[in-house]
Every structure is written in structure tokens, then in C-alpha cells.
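Biologist: I would like a close look at a single part of this predicted model. Please begin with one helix residue and its surroundings, then carry on to other parts and to the chain as a whole.

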Amino acid sequence: MGLSAQTYTRADSLKVERLLAEAALRGDVTNWTLYFAEKFIGTPYVASTLEVNDEEELVVNLCQLDCTTLVENVVALTLTVREPAPSFAVFCRNLEKIRYRGGVRDGYASRNHYFSEWIASNEKLGVVEEIRGKKEEGYRPFVAVQRLELDYMSTHPSAYPMLEGNAGELRRIRTNEQAFDGQAVRYVPVSWLGKGQEELGDIHDGDILAIVTRKKGLDTSHLGFAVWKEGRLHLLNASSIHKKVVLEPMTLRQYMQKHPSQLGVRVVRVI
């Protein structure tokens with residue numbers, strides 16, 4: 001179904017309305033981000049669910065998720081449940097706000113493709129804050145630094161159907177990438193992630209965890225949510241390995257040790 005440059009199915013709108021109705025009955029929830037993230041456990045993993053149109057539309061799909069759309073749907077639901085009159089239309093407005101730079105959908109290149117873009121845009125909009133540690137405490141546990149050199153999309157346009165053969169959008173993507181050149185961002189390295197809540201107390205249940213990668217041209221390679229379980233940090237994520245949304249049974253450190261390209265995590269909190 002397409003309506004006002006939106007793509008969704010009846011199942012998606014019904015799911016949003018159901019989740020919001022259930023949430024309205026819960027007066028005891030203090031962490032909406034974690035609440036909604038857990039509601040998606042078991043949802044099938046499907047990659048590239050946003051790449052279904054020839055021109056950029058707001059795609060709503062809660063029945064099939066990848067790591068990015070899991071995060072975006074949860075954040076949009078969190079924003080919506082706080083509104084005076086939550087509805088599917090309000091959810092769509094919030095989803096568009098967080099998905100596009102400055103909250104404005106203006107073609108494919110206006111989407112926050114890199115998570116560094118997503119963070120910067122949504123910090124300016126007052127939706128999230130990136131947790132970076134305190135200088136006077138040596139930024140612990142955010143003791144590692146990544147210097148951004150984003151160019152993966154502009155150097156691999158054939159991997160993106162809406163970029164291939166589209167010189168105008170490709171130029172816009174390259175301009176977006178260059179805006180972050182050399183920017184230093186702080187993250188918690190893998191070596192710290194096996195510590196307990198005393199050392200990692202800056203990471204809260206329901207925080208967005210953006211996994212920093214060593215892969216050339218990228219900033220992050222995977223997203224999920226922080227969940228503390230028996231004093232150890234775990235990842236709730238849309239998993240290509242499990243083919244569904246899961247709370248990983250292994251700790252986050254164990255999980256990342258199986259992926260040598262993963263360096264650590266940036267931490268982002270919905271305000």
C-alpha cells in the first residue's frame with residue numbers, strides 16, 4: 001500500500017496500533033525503549049526491507065526487521081507512546097523524523113545511512129544523546145577513539161540499487177560522507193565489555209549499542225539494544241545468524257569476540 005509517499009501493509013498499521021494500545025494499559029513502564037525492543041523478540045530477520053521502491057518513500061515494516069529498522073521502529077514507538085494521542089499516523093511522523101537528516105525526507109540521500117549521521121541528526125532534534133564519558137574521569141569506559149573516514153557507499157554504489165547509475169544522488173551521498181571526515185568518536189572497546197555494571201554503569205538497559213567496525217569506509221556494522229542479565233551485558237538484536245530478533249544468550253563480549261572486525265560499541269540513549 002502506498003499513501004502520501006508511504007509504503008506499508010495493513011499488518012504493519014495494525015501492529016503499531018496494537019503495541020500502542022497495550023502500552024497504554026501499562027502504567028508501570030519506566031523504560032519504554034527496552035519494553036518495545038522486547039516486544040519484537042522472535043520477529044523474522046530480513047535484510048534491505050527499505051529498498052523496495054524506485055524513489056524514496058517512508059517504508060514501514062514491523063513484520064520483517066534488520067538491525068537498523070529494529071532500532072528505528074523501537075525509537076519511533078518510544079516517541080509515539082509519550083504523545084498526547086498516540087496513533088499509527090503519529091508513529092509514521094516520528095519514524096520519518098528519526099530516519100531522515102533533520103527529520104526531512106528529500107530523496108534517498110536524505111536518509112541517515114551511516115549511523116554517525118543518524119546520531120548527529122537525532123541529537124540535533126533532541127531525540128537521543130550519545131554517551132561519551134566524562135573527560136575528568138578519563139572518559140572511562142569510553143577509552144577508545146575511532147576517526148571517521150566514511151566512503152563505503154560512494155565507493156561501492158553498485159551495492160545500493162538507488163545509487164547505481166544515479167550521479168546526482170551519488171554526489172549528495174559523497175557530500176554527506178565528507179561532512180564527517182576526521183571526526184573523532186569515543187567507544188567502549190571489546191576488552192572492557194566483559195566487566196560488570198560497576199565499571200560499565202554508563203551503559204543502561206535499553207541503550208542503543210552501535211558496534212564499531214574496522215571495515216574500511218564504515219563507522220559501524222551492527223546495532224542492537226543493551227540488556228543487563230545476571231550482571232553481564234547482552235545484546236538484543238535483529239540477528240542474521242539466528243534469522244530473527246533475539247536476546248543473545250552469550251554476553252556481548254563473547255558475541256563480539258566471534259567477530260574480529262568488531263572493535264567495541266558506541267552508546268546512544270533515547271532522551
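Modeller: Met256 has a relative accessible area of 2%, so it is buried; the cut-off for that word is under 20%. The residue belongs to helix α8, which covers residues 252-257. Keep in mind throughout that this is a predicted model.

What does Met256 touch, once its neighbours within four places in sequence are left aside? Its contacts are Val190, Leu193, Ile211, Gln262, Leu263, Gly264 and Val265. Ser191 gives a distance to go with that list: Met256 and Ser191 are 65 residues apart in sequence, while their C-alpha atoms are 10.0 Å apart in space.

Ile211, one of the contacts of Met256, leads on to Thr220, since Ile211 is also in contact with Thr220. Thr220 lies in strand β7, which runs over residues 220-229. Its relative accessibility is 11%, and on that account Thr220 counts as buried. Beyond its neighbours within four places in sequence, Thr220 is in contact with Phe115, Ala210, Ile211, Val212 and Thr213.

Phe115 takes us to helix α5, where Phe115 is among the buried residues. The helix spans residues 115-124. Because 7 of its 10 residues are buried, α5 is largely enclosed by the rest of the structure. The buried ones are Phe115, Ser116, Glu117, Trp118, Ile119, Ser121 and Asn122. After α5 comes Gly126, which has a positive phi, near 80°.

Within α5, Ser121 can be followed in detail. With a relative accessibility of 6%, Ser121 counts as buried. Its side chain reaches the backbone nitrogen of Gly102, at 2.9 Å. Apart from neighbours within four places in sequence, the contacts of Ser121 are Tyr100, Arg101, Gly102, Gly103 and Asn112.

Both α5 and β7 also help to line the largest pocket, together with α3 (67-81), α6 (152-155) and β8 (232-239); each of these supplies at least two residues of the lining. The pocket holds about 1100 Å³ of space. It is lined by 40 residues, of which Asp66, Cys67, Thr68, His113 and Ser221 are the closest to its centre. Sorted by class, the lining has 18 nonpolar, 15 polar and 7 charged residues.

Gln178 is a contrast to the buried residues above. It sits in helix α7, residues 167-178. At 42% relative accessibility, Gln178 counts as partly exposed, because that term covers values between the 20% and 50% limits. Its C-alpha atom is separated by 7.1 Å from that of Leu150, 28 residues away along the chain.

Last, the whole chain. Its secondary structure comes to 8 helices and 10 strands. The radius of gyration is 18 Å, close to the 18 Å that the globule rule gives for 271 residues, so the chain is as compact as a globular protein of that length. Along its principal axes, the C-alpha trace spans about 50 × 50 × 35 Å. Of the 271 residues, 51% count as buried. Taking contacts in the chain with a separation of 6 or more, 63% are between residues 24 or more positions apart.

How values were computed. Residues numbered from 1 in each chain as written. Predicted model: local features only at pLDDT ≥ 70, side-chain atom pairs only at ≥ 80, totals over all residues. Heavy atoms only, no water. Helix = DSSP H or I, 4+ residues; strand = E, 2+ residues; numbered from the N terminus. Buried < 20%, exposed > 50% of the residue type's maximum accessible area, 1.4 Å probe, protein only. Polar contact = N/O pair within 3.5 Å; in protein donor to acceptor, adjacent residues only side chain to side chain. Contact = heavy atoms within 4.5 Å. 1 Å grid on protein atoms, 1.4 Å probe; cavity = no way out; pocket = protein on both sides within 12 Å on 5 of 7 lines; lining within 4 Å. Points joined across faces, edges and corners; volume = space filled by probe spheres on them. Nonpolar A, V, L, I, M, F, W, Y, C, P; charged D, E, K, R; others polar. Rg over C-alpha atoms; globule rule 2.2 N^0.38 Å.
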